[in-house]
Amino acid sequence: MTDALRPPLADPVLMTVNGARLIADPSGVAYWPDESVLLVSDLHFEKGSAYAARGQLLPPYDTRATLTRLAAALALYQPRSVVALGDSFHDLGADGRMAPADADALSTLVASVEDWLWIEGNHDPKPPARFGGRAGFELALGPLHLRHEPQPGARPGEVAGHLHPCAKISGQGRRVRRRCFATDGARLILPAFGAYTGGLNVCDAAYAPLFKTRPYAYMLGRERVYAVNGAKLLGD
């Protein structure tokens, strides 16, 4: 079943982050029902064309695939607001390389909600203005603090992206590696949403300044999310 055809989750997986209850969606977005806010991170539009410019040829459809999945998530949750947590565009030239049909589709998505905030990332410090929405470095919203790059130390309520978390587990004679939400209940790191984005294992040392113990991984399956205790996770 494709994301575009997937019905609402009958038994959604909830993550509590500093008191806020968020739905962990298998697509990689998080939805906050109490505020009607959809959170998504690291869309990396036009990553494929950026690689092609350097001679590494990939099928040039990553932006379209990402937009299709994002449109399905918006249709499913119908949020009042969307916050894109940085690195929405792979580089500052992404706007000029985007196909006209994809640019129109993105503008339509942005216009479909009351408020769309582009959080500035390290790849896109100045998101293109022509798609609409507004830009900002970070946002405090109730018990949550939304930014692109997670900050070291205790940051209750921080919701960020940047690290592209993924997790690996072993069971039934095989190992499975998937993108994931990483959280200890105080802060949350979203998975990268873009079609060509990879992942950094939550067992990596890069997560040590963020979590006192290995976080729970909410691993993305095809049609559901699986919550896995950090103690059961494997390194790469």
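Author: Two strands pair if DSSP finds at least two bridges between them. Strands themselves are DSSP runs of E with at least two residues, helices are runs of H or I with at least four, and both are numbered from the N terminus. The model is predicted, so local features need pLDDT of at least 70 and side-chain atom pairs count only at 80 or more, while totals for chains, interfaces and linings use all residues. Residues are numbered from 1 along each chain as its sequence is written, and side-chain values use heavy atoms, leaving out hydrogens and water.

Reader: How many helices and strands does that rule give in the protein?

Author: Four helices and 16 strands.

Reader: How do you know that strand 3 and strand 4 pair?

Author: Three bridges join them, and they run antiparallel. Pairing requires at least two bridges, so strand 3 and strand 4 qualify. One bridge sets tyrosine 31 opposite leucine 38 in strand 4. The two strands form a hairpin with four residues between them, where serine 36 takes a positive phi near 50°.

Reader: In what sense do strand 4 and strand 5 pair?

Author: Parallel, over four bridges. Leucine 39 faces valine 83 in strand 5.

Reader: What makes strand 1 and strand 7 edge strands?

Author: Strand 1 (13-17) and strand 7 (134-136) each pair on one side only. They belong to an open sheet of seven strands, in the order 1-2-3-4-5-6-7, with mixed pairing. The pairing of strand 1 is with strand 2 (residues 20-24), antiparallel over five bridges. There, valine 17 stands opposite alanine 20.

Reader: Which strands does helix 2 touch as it packs on the sheet?

Author: Strand 2, strand 3 (30-32), strand 4, strand 5 and strand 6. Touching means contact, that is, heavy atoms within 4.5 Å. The direction of helix 2 makes about 160° with that of strand 4. Such angles run from 0 to 180 degrees between N-to-C directions, with axes fitted as lines to C-alpha atoms, for helices over the stretch in contact.

Reader: Why is threonine 197 called buried?

Author: Buried means under 20% relative accessible area, exposed means over 50%, and partly exposed lies in between (1.4 Å probe, protein chains only). Threonine 197 has 7%, so the term applies. It sits in the loop between strand 13 (188-189) and strand 14 (200-201). Threonine 197 is in contact with Asp42, His44, Lys47, His164, Arg179 and Ala192, leaving aside neighbours within four places in sequence.

Reader: What distance separates the backbone oxygen of glycine 194 from a polar atom of the side chain of threonine 197?

Author: 2.6 Å.

Reader: Why does glycine 161 count as buried?

Author: Its relative accessibility is 0%, so it falls under the cut-off for buried. Glycine 161 lies in the loop between strand 10 (158-160) and strand 11 (165-171). Among the residues it touches beyond four places in sequence are Ser41, Asp42, Arg147 and His148. Glycine 86 is 75 residues away in sequence, yet the C-alpha atoms of the two glycines are 7.3 Å apart.

Reader: Why is aspartate 124 called buried?

Author: Its relative accessible area is 1%, so aspartate 124 meets the cut-off too. It is in the loop between strand 6 and strand 7. Apart from neighbours within four places in sequence, aspartate 124 contacts Gly86, Asp87, Ser88, Phe89 and Leu92.

Reader: What makes a set of residues a nonpolar core?

Author: Members are buried Ala, Val, Leu, Ile, Met, Phe, Trp, Tyr and Cys residues joined through side-chain atoms within 4.5 Å. The largest such core has 27 residues, and Leu38, Leu106 and Trp116 have the most contacts inside it. Helix 2 (62-77) is one of the elements supplying at least two residues, as are strand 4 (37-40) and helix 4 (100-111). The largest share, six residues, comes from helix 2. A second, separate core has 23 residues, including Val17, Leu22, Trp32 and Leu144. In soluble globular proteins, nonpolar side chains tend to be buried together.

Reader: Which residues does leucine 106 contact, leaving aside its neighbours within four places in sequence?

Author: Phe45, Leu67, Phe89, Met98, Trp118 and Phe131.

Reader: Which way do the residues of strand 4 point?

Author: Val37 and Leu39 point one way, Leu38 and Val40 the other, and all are buried.

Reader: What percentage of the 236 residues of the protein count as buried?

Author: 49%.

Key:
A polar contact is a pair of N or O atoms within 3.5 Å; within protein, one must be able to donate a hydrogen and the other to accept it, and residues adjacent in sequence count only if both atoms are side-chain atoms.
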